Amino acid sequence: MQYRRHQELRLRAAFATKVRWATPHDVLTIVWVDSKLQRAAIANMSVVFGWDVDGKTMAEGGKRKKAHQIPKPKVFSFDEVSRYFECVKVGSGIGFFRLPKVLREPEEVLGLEKCSKWQVKNDTALEKLGDLVSDDVVESYLLGYGIKEKLERRLEELAESTVKYSYSSPTFLIRYLNQYITFSGSVLPLMPLGYLNSGCNYKHSTDKEIIKRGAGGADGRNATTNFKGVTPVDKKLIKRLARQFGTSKRNGALRYTEMYLIYCVEALALAGEEMPEVDEFGNRDVNKFESSIISYGAFREHYLNMLSLTERLMLRYGKIRAQRDYIDRQGHSIDMNLGANDVVEIDSTEISLHVRDPRVGEKRMSGGRLFLCLAMCVRTRYILGYSLSFKPPCWENVAECLYNILEDKKEYCAKYGIKLKDFHWVSHHMFNVIRVDNGIEYPEEEVDGWIASEHGCKRCETVTKGRGDLKAVIERELGFVDSKVSTMEGGIEADRDKTEQDASQRALHSIDDVHRKIIREIITQNLRKNCSDLMDSDMAAQNIGTSPHSLWTYSMEYQMGGGHPVDKSDLPKFRYALLPKVSVKVSEFGIEYNGLLFHGDFAKSQDWYIKAKYAGSFQKRMAYTPSLCDALFYEDDKGTIHTFALAEQREQFSGLSWEEVNLRRAYIAELSLENKRQKNADSVANAIEDKKDRDNASNAAKRTPVNDQNGYQKGTNDRRSELAAAQSKANASAIHQELTQPSTPPTSETSIFSEGDAI
């Protein structure tokens, strides 16, 4: 088998006792190959870097002694290599060892300034080796042929070239040569080994598992700090704190100091240390606790190294904001768009303009700010429709905008006194996909019902909450239209001085004026906006214009096959599909919904009321207008729309919106409840008065004997006739007296029906 340089190997467990300079867990690499001699030199990278097989953690949990000097690579025959070692597989191929990036690409790790510094050290070491790095010398050295004479001759040359050093021992040359062979092929093969190990603030010895190396050198002789070196436990703690407090910031900066204090508290708790008490001078013995924690600088350095830049951005700004504003993204909004009207973005905003209340003529009264809903073709940037309303964002506004996409723009603009030419605003086509946010104006029931209908679009895409950048096309266009509208009298200025008059006091224009302004700006945008970057090769080959109008008309005709234009006669069906739907109850009395009653000729022709009377009530699905309760609408199987008008017995609700109907019904229910309570009170009061009358009658008749007969009393009818005649005469006498002497007050006389006379 042929072997290659940098090929990664593992020692077979069966030969662990024979090959004592390596273990089955070490990372071994071929650093030299001679195909003619069938020989290969192998270096133990776990000894060099202190890595285990995963290339990340310390070998054997930090117990392995890391080399201060790189040992000489061991030479084996190809047969011995295949017998003692096994190749690392990566998929179907062989694995190769990758040296640290500081050796492969030092300028990216160190920067230009530090890289030039270490380049000088590397070149100095190479100059000292001289011709010892030639292939013949390296081969002789690895195969054990002996290079003593060459080492001595090189020492003599170095001694002659410099007077400062004596160069009596060849040890440093052998150390340089071992490192050169092990790191051959890298940019800086003779970079000082201590720098490679500087990312780990501890060294390994046989006395203790981990002891501090220190900031002043491997043995800490030149160190002035008392803080401990970073251990794997500290790194784990730092990583947890970084993820826990990564979003905490003050004035845009991460609060490293707060995280460091929390680290100190937890690190001291893990070490079982307590803060020393203050002495008589108010000072603490810092040496007793600093040895259990790392320094602030080390904490911050390892925090930045523990997490990737992407993860730190996610923690600092949150997932949504980081993906929206900080994470790199490639691509374009028109990607995966088939053509014109394939994807339409729609959104709403409150425009920066106060309009005048037309109901008040003697004074300028602001009617508030309007809400604009705008729809745009993503592929061509062609504005397809809009709606303008005093109502906050709701499905009613969205439905009006969607309907405006389909209706004839000439007739629509004529309502506001604008005469369009054929090329001004030509879109009245259905679209495939609508892209919206998750605002309250897109209720799931209404959107799903519209899409499921015959006249809805194919799909609705809802972008992630807070990710306006996912529909940036319509967001930018809304900002542009708003900036144009805000220039009208009554517009809101972002940097207005607080001492100046508020925009609401300058309200001048009506809502119709705003309609005309928006229509003119839409036409200008559609005809004049530069969209040359959106052109594809077909459009460029035909030399079409760069405006949204040119792109839209070409794409609609040649890429979308003419699209789906909506005829004027079909508009009522699309209007019905956009109306909200409710389930109504069909009873023998009519169509019942929300406490109101509706009638329609279609129900009679289909015998709905008779069926409900004899077979029981049933449900139907009808459409309604949220702002007026005067009618419901029903579409039959043939597509014909029928109207069900409000019944006359519910005339008190005529002209009200459904919200006002609910308020009216709540008021009536409140009155009914109060009347019920008063009726109950009156009934109790009447019962009390009845009891008094009964007691008085009993007292008046207590001298008369009680009748003991059970049958009908004899002479009752005769006495009733006599009393009726007497009552009629008494009434006639009073009438005569009233008409004869109208100004004379009636005298108070005892009635013939008084208790005494009757008895």
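# Exercises on a predicted model

Arg381 counts as buried, with a relative accessibility of 9%. The model used here is predicted. Each exercise below sets a task and then works through it.

## Exercise 1: Arg381 and His6

Compare the places, phi angles and burial of Arg381 and His6.

*Solution.*

Step 1. Locate Arg381. This residue sits in the loop between strand E13 (366-377) and strand E14 (383-389).

Step 2. Read the backbone angle. Phi of Arg381 is positive, about 65°, although the residue is not a glycine.

Step 3. Turn to His6. This residue lies in the segment before strand E1 (8-11). Its phi is also positive, near 75°.

Step 4. Check accessibility. Buried means under 20% relative accessible area. Arg381, at 9%, therefore counts as buried. His6 has 21%, so it is partly exposed.

## Exercise 2: The overall count

Describe the whole protein by its helices and strands, its burial and its contacts.

*Solution.*

Step 1. Count the elements. There are 27 helices and 22 strands.

Step 2. Take the burial. The protein has 759 residues, and 38% of them count as buried.

Step 3. Look at contacts between residues at least 6 apart in sequence. Of these, 64% join residues at least 24 apart.

## Exercise 3: The cavity

Find which residues line the largest cavity, and which elements they come from.

*Solution.*

Step 1. Count cavities. The structure holds one of 30 Å³ or more. About 40 Å³ of space lies in the largest cavity.

Step 2. List the lining. It is made up of Trp395, Val398, Leu402, Ile434, Val436, Tyr442, Val447, Trp450 and Cys460.

Step 3. Sort the lining by type. Nine residues are nonpolar, with no polar and no charged ones.

Step 4. Assign elements. Helix H15 (395-406), strand E15 (433-436) and helix H17 (444-452) each supply at least two lining residues. H15 gives the most, with three.

## Exercise 4: The nonpolar cores

Describe the largest nonpolar core, then follow the contacts of Trp450.

*Solution.*

Step 1. Recall the background. Nonpolar side chains tend to be buried together in soluble globular proteins.

Step 2. Size the core. The largest nonpolar core has 62 residues. Those with the most contacts inside it are Ile346, Tyr386, Leu402, Phe431, Trp450, Val514 and Ile518.

Step 3. Find the main contributor. H15 provides the largest share of this core, eight residues.

Step 4. Note a second core. It is separate, has 37 residues, and includes Leu129, Ile181, Leu188 and Met191.

Step 5. Follow Trp450. Neighbours within four places in sequence are left aside. Its contacts are then Trp395, Leu402, Met430, Phe431, Ile434, His455, Gly456, Cys457, Ala577 and Leu578. Trp450 is also a lining residue of the largest cavity.

## Exercise 5: Two charged residues

Work out the burial and the side-chain polar contacts of Arg435 and Asp26.

*Solution.*

Step 1. Place Arg435. It is in strand E15. Its relative accessibility is 13%, so it counts as buried.

Step 2. Find its partner. The side chains of Arg435 and Glu345 are joined by a polar contact of 3.0 Å.

Step 3. Widen the view. Beyond four places in sequence, Arg435 touches Val343, Val344, Glu345, Ile346, Val378, Glu461, Val463, Leu470 and Lys471.

Step 4. Place Asp26. It is in the loop between E1 and strand E2 (28-34). Asp26 is buried, with a relative accessible area of 2%.

Step 5. Trace its side chain. That side chain reaches the backbone nitrogen of Thr23 at 3.0 Å. It also makes a polar contact with the side chain of Asn44, at 3.1 Å.

## Exercise 6: Links across the sequence

Is Trp552 buried or exposed, and is Glu445 buried or exposed? Then name a distant partner along the chain for each residue.

*Solution.*

Step 1. Trp552 is in helix H21 (residues 548-559). With a relative accessible area of 3%, Trp552 is buried.

Step 2. Asn341 is 211 residues from Trp552 along the chain, and their C-alpha atoms are separated by 8.3 Å. Asn341 is among the residues Trp552 touches, as are Ala340, Cys377 and His429.

Step 3. Glu445 is in helix H17. Exposed means over 50% relative accessible area. Glu445 has 52%, so it is exposed.

Step 4. Lys581 is 136 residues from Glu445 along the chain, with 9.0 Å between the C-alpha atoms. Not counting residues up to four places away in sequence, Glu445 touches Lys581 and Arg621.

Technical notes. Residues numbered from 1 in each chain as written. Predicted model: local features only at pLDDT ≥ 70, side-chain atom pairs only at ≥ 80, totals over all residues. Heavy atoms only, no water. Helix = DSSP H or I, 4+ residues; strand = E, 2+ residues; numbered from the N terminus. Buried < 20%, exposed > 50% of the residue type's maximum accessible area, 1.4 Å probe, protein only. Contact = heavy atoms within 4.5 Å. 1 Å grid on protein atoms, 1.4 Å probe; cavity = no way out; pocket = protein on both sides within 12 Å on 5 of 7 lines; lining within 4 Å. Points joined across faces, edges and corners; volume = space filled by probe spheres on them. Nonpolar A, V, L, I, M, F, W, Y, C, P; charged D, E, K, R; others polar. Core = buried A, V, L, I, M, F, W, Y, C linked by side-chain atoms within 4.5 Å. Polar contact = N/O pair within 3.5 Å; in protein donor to acceptor, adjacent residues only side chain to side chain.
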